[in-house]
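Dear colleague,

I am handing over the structure we spoke about, and it is placed just below so that you can keep it open while you read. After it come my notes on what was found.

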Amino acid sequence: MIRAGIVGGTGYTGVELLRILALHPHVEVSVVTSRSDVGTRVDALYPSLRGAINTVFSAPDIAELSDCDVVFFATPNGTAMLMAQQLLEHGVKIIDLSADFRLKDAAEWQHWYGMEHACPALIAEAVYGLPETHRAAIKNARLVANPGCYPTAVQLGFLPLLETGLIDPHHLIADVKSGVSGAGRKAELATLMSETGESFKAYGVAGHRHLPEIRQQLALAAKQSVGLTFVPHLIPMIRGIHATLYARLNTDIGSLQSLFEQKYADEVFVDVLPANSHPDTRNVRGSNFCHISIHQPQGQDTVVVLSVIDNLVKGAAGQAVQNMNLMFGLPEQIGLNMVALYP
Ligand SMILES: NC(=O)C1=CN([C@@H]2O[C@H](COP(=O)(O)OP(=O)(O)OC[C@H]3O[C@@H](n4cnc5c(N)ncnc54)[C@H](OP(=O)(O)O)[C@@H]3O)[C@@H](O)[C@H]2O)C=CC1
Ligand SMILES: CC(=O)N[C@@H](CCC(=O)OP(=O)(O)O)C(=O)O
């Protein structure tokens, strides 16, 4: 059995990791941390886990976490980078759900995250944890930087078009909506029901911290720098990301549908829907799937890709478990064969 630790087990991605790992046949959750709930039974705080997780929250402690085979950081940005080096020295593999190791340029990280990077030496080693692009490297990684929720939906939608050079990489548009669980469980005015319910707004138009992450990864696919306008929105639902992606076609190759179908034919968790589909976030809710559809409205040279995920699953905890499976040589989908909740 793989002994897994979760730092930040009381947050939304932490409890989602617990939900998934509780049913994983090769994992035993041995440490779950929370600074504010030390000594509380996990299933007392989260009765949804009664009978599934039989442990108490402990304070984050390197010595205790060092007994794990893998530690997931489901913590705010700036936490994993303080503990990663010591855990790696104890032979523990790390999957960081935060952004600490996603950007390859420490100065850029400092600019967008507003603090100095505490562990720049590990940035080069960290493998970006999008299995669809970095599978081989993830298998050998000690430290995986799990992608952000917006970046996952956007990359999976743009990749087939950028890799084939079919679109102009300098004028990409990603218009993306997120449910409020994307903001985490901490109490905040902006995510109160009376602030978000019956309302809909864009935010971060001038520059959201996922912009450099998306640009960095799309540039690898395009083999050149990309120009991207990324506008996130908050919508009054709990789970889900819906990305509407726009790009200008360089050339008309006919069937973009078959391009996407071929690209993702062997990807268990990327499902290209039949032509003319309009993916719903509720059809991926609670599952690790990304549903994608491709449109070329009125046969013009603008391609529109729709990409939906559950931000807490393929956008966070599910993807993290997919990465863990790869790092431990397990079948990639084990523990993740979940059918979406509907409605
Ligand atoms: N929500 C989402 O959809 C997604 C989130 N992410 C990223 O995943 C990470 C976790 O997000 P989310 O679960 O939403 O966050 P939450 O705010 O819901 O939970 C944060 C957790 O971290 C713990 N924590 C906070 N500060 C520290 C610290 N200094 N040291 C140790 N533990 C700490 C908290 O418990 P306590 O304070 O008791 O220790 C809590 O359990 C974030 O980096 C987020 O950006 C990534 C993709 C999607
Ligand atoms: C709806 C909402 O607020 N979403 C979050 C992004 C989600 C996230 O977790 O981002 P990182 O993993 O990069 O920190 C936000 O815009 O800040």
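I begin with the ligand: helix 1 (12–21) and helix 11 each supply at least two residues of the shell around ligand 1, and the largest share of that shell, 3 residues, comes from helix 1. Please keep in mind throughout that this is a predicted model.

The shell around ligand 1 counts 31 residues, of which Gly8, Gly11, Ser98, Gly184 and Arg185 come nearest. Sorted by class, the shell is made up of 18 polar, 9 nonpolar and 4 charged residues. Both domains take part in the shell, since domain 1 (2–125) and domain 2 (149–310) each give at least three residues to it.

Those two domains are the ones that the domain assignment of the chain gives, with domain 1 covering 2–125 and domain 2 covering 149–310. Their centres, taken over C-alpha atoms, are separated by 27 Å. Where the two meet, 9 residues of domain 1 are in contact with 7 residues of domain 2. On the side of domain 1 that touches domain 2, the largest share, 3 residues, comes from helix 5 (residues 106–113), and the residues of that side divide into 5 nonpolar, 3 charged and 1 polar.

From the record, there is a UniProt annotation, in an unreviewed entry, that reads "domain: Semialdehyde dehydrogenase NAD-binding" and covers residues 3–141. In the model, the end C-alpha atoms of residues 3–141 lie 17 Å apart, and the span is 32% helix and 17% strand.

Turning to the sheet, how are its 7 strands ordered? They follow the order 3-2-1-4-5-7-6 in an open sheet, and the pairing is parallel. The edges are formed by strand 3 (57–58) and strand 6 (127–128), each of which pairs on one side only. Helix 11 (residues 313–327) packs on this sheet, where it touches strand 4 (70–73), strand 5 (93–96) and strand 7 (143–145), and its direction makes about 160° with that of strand 5. Helix 11 is thus a good element to look at twice, as it also supplies at least two residues of the shell around ligand 1.

For one pairing in detail, you could look at strand 1 (residues 2–7) and strand 2 (residues 27–33), which pair in the parallel sense over 6 bridges. Within that pairing, Arg3 has Glu28 of strand 2 as its bridge partner.

With best wishes

Notes
Residues numbered from 1 in each chain as written. Chains lettered and ligands numbered in written order. Predicted model: local features only at pLDDT ≥ 70, side-chain atom pairs only at ≥ 80, totals over all residues. Pairing = 2+ DSSP bridges. Helix = DSSP H or I, 4+ residues; strand = E, 2+ residues; numbered from the N terminus. Axes fitted to C-alpha atoms, helices over the stretch in contact; angles between N-to-C directions. Near = placed C-beta within 6 Å. Nonpolar A, V, L, I, M, F, W, Y, C, P; charged D, E, K, R; others polar. Domains from an automatic or database assignment. UniProt positions renumbered as here; feature names shortened; annotations may be inferred.
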